[in-house]
Amino acid sequence: MQLTLHVTNQCNLNCKYCFVKRGPERMSREIAFAAVKLGMENTNTSGLLFYGGEPLLEKELIYDVVDYAKSISTKTGHNFYYKITTNGVLLDEEFLKFANDVNMAIGLSCDGPAQDYCRSSIDGTGSLAVLEEKISLLLAHHPFAMGLSVVDSATVDRASEIVEYLFKKGFRYIHMGVNYSKTAPWTEERLLALEMEYKKIAEMYINWTRREDKFYFSSFDMKILSHLKGEKYNIDRSRMNMNQPSVAPDGIIYAMSKHLNNPVFAIGDVVSGINKKKHKAIYKKGAIPTEPCRSCAIKSRCNYAYDNLASSGLDIINDVTPVQCVHERLITPIADYVAQTLFKEQNAMFTQKHYNDLYPFMSLLEDID
């Protein structure tokens with residue numbers, strides 16, 4: 001099991017699209033340690049993802065949790081792996097060396113040229129200048145760190161610039177999410193702009209691959225994977241999601257991070273454990289697509305047909321928004337264009353990347369050498 005530990009609801013930035021309700025809540029050592037023990041149930045390997053707010057505001061707690069997990073490993077042989085998602089402002093040599101020592105994967109949230117608009121400091125000043133320095137420090141210690149970005153209707157015209165910025169900075173694992181919240185309404189014009197930006201990114205993807213640059217752009221690579229896996233794509237995603245509940249600072253466990261603090265999605269707490277019956281029922285509900293999705297040609301490749309849960313009062317409902325639907329319909333053929341272009345060229349890197357199961361391992365060994 002991988003548990004997402006929301007170690008604090010406090011943050012040192014004021015991101016426009018953050019789904020976490022800012023507040024003074026902080027996770028105690030007792031709750032964090034109880035979560036570690038809970039995550040060990042019925043498995044030999046556990047994952048701990050440190051999240052917030054901004055988790056590096058609680059560095060000492062993170063150190064304590066990892067030390068506690070290591071002591072358990074020494075006694076029992078149980079394996080732990082660690083991840084953290086951070087805005088990067090508080091990264092320093094001490095923490096990065098610590099992360100190296102425990103093989104902690106790091107995801108850095110950065111919107112590049114849209115950073116100062118989307119992710120300002122609490123006082124309203126931009127944060128990119130600070131982050132420029134931190135990115136260099138991070139990649140010097142962790143060359144495989146992931147660059148995480150979000151595009152919304154206000155910044156959509158800069159989507160390709162954001163991806164190019166992260167790539168030029170040295171990130172080779174890049175994820176771009178889309179802000180679907182009502183605070184950033186998507187009009188037909190804005191969606192057309194997003195389509196144009198994806199097409200620009202597609203050309204960058206093709207050119208980088210032809211150049212034999214190693215990189216992953218999850219928005220396209222996952223869509224290509226969905227073609228290769230077919231129906232198994234969303235089955236695997238559903239299983240993975242079910243194995244990643246989130247723990248709020250007060251110890252309440254939720255089925256997924258995006259529904260943090262929504263009591264409808266609460267499935268237990270770190271003391272009494274997970275209500276497995278309710279947990280299973282939530283994901284069983286998500287495995288039933290809504291009526292429009294059932295006849296959709298890209299149902300098996302859609303990221304929302306089987307991951308569309310929301311709450312209505314005390315009920316859990318299936319709810320794919322029109323914007324999510326349009327997004328999936330516009331990005332899928334663009335990703336397919338990328339794949340078809342490189343496949344027809346018999347591009348060796350593309351073929352290895354998507355058709356050789358050993359490629360990630362072989363690529364890592366090559367990079368280490």
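What percentage of the 369 residues of the protein count as buried? The figure is 53%. Buried means under 20% relative accessible area, exposed means over 50%, and partly exposed lies in between, with a 1.4 Å probe and protein chains only. The model is predicted: local features need pLDDT of at least 70, side-chain atom pairs count only at pLDDT 80 or more, and totals for chains, interfaces and linings use all residues. Residues are numbered from 1 along each chain as its sequence is written, and side-chain values use heavy atoms, with hydrogens and water left out.

The overall fold comes next. The protein contains 14 helices and 15 strands. Helices (H or I, at least four residues) and strands (E, at least two) are DSSP runs, numbered from the N terminus. The radius of gyration is 20 Å, close to the 21 Å given by the globule rule for 369 residues, so the protein is as compact as a globular protein of that length. This radius is taken over C-alpha atoms, and the globule rule is 2.2 Å times the number of residues to the power 0.38. The C-alpha trace spans about 55 × 50 × 45 Å along its principal axes. One strand residue gives an example of distance within the fold. V178 belongs to strand 8 (residues 173-178). V178 counts as buried because its relative accessibility is 16%. Its C-alpha atom is separated by 13 Å from that of S109, and the two residues are 69 apart along the chain.

Aromatic contacts were searched across the whole structure, and 16 aromatic pairs were found. Rings of Phe, Tyr and Trp (its six-membered ring) pair if their centres lie within 6.5 Å; planes under 30 degrees apart count as stacked, over 60 as edge-to-face and the rest as tilted. Y205 and F215 form an edge-to-face pair, 4.8 Å centre to centre, with 80 degrees between the planes. The pair links distant parts of the chain, ten residues apart: Y205 is in helix 7 (residues 188-210), and F215 is in the loop between helix 7 and strand 9 (216-217). Y205 is buried, at 1% relative accessible area. F215 is buried too, at 4%. Y205 and F215 also belong to one aromatic cluster, with F167, Y198, W208, F217 and F220.

Two lysines place their charge over a tyrosine ring. The charged end of K16 sits over the ring of Y117, 4.6 Å from its centre. K353 lies over the face of Y216, at 4.9 Å from the ring centre. Such a contact requires NZ of Lys or CZ of Arg within 6 Å of the ring centre and within 35 degrees of the ring normal.

Salt bridges number 17 in the structure. Each is a side-chain nitrogen of Lys or Arg within 4 Å of a carboxyl oxygen of Asp or Glu. E58 and R26 meet through their side chains at 2.6 Å, N to O. These partners come from distant parts of the chain, 32 residues apart. E58 is in the loop between strand 3 (45-51) and helix 2 (59-76), and R26 is in the loop between strand 2 (13-15) and helix 1 (29-39). E58 is buried, at 8% relative accessible area, whereas R26 counts as exposed, at 53%.

A salt bridge also joins D92 and K59, with the closest N and O atoms 2.6 Å apart. D92 lies in the loop between strand 4 (79-86) and helix 3 (93-101) and K59 in helix 2, so this pair ties together parts 33 residues apart in sequence. D92 is partly exposed, at 25%. K59 counts as buried, at 14%.

D157 and R190 form a further salt bridge, at 2.9 Å, N to O. D157 is in the loop between strand 7 (146-151) and helix 6 (159-169) and R190 is in helix 7, so the pair ties together parts 33 residues apart in sequence. D157 is partly exposed, at 41%. R190 counts as buried, at 17%. Elsewhere, K229, K232 and D236 are joined into one network by salt bridges that share partners.
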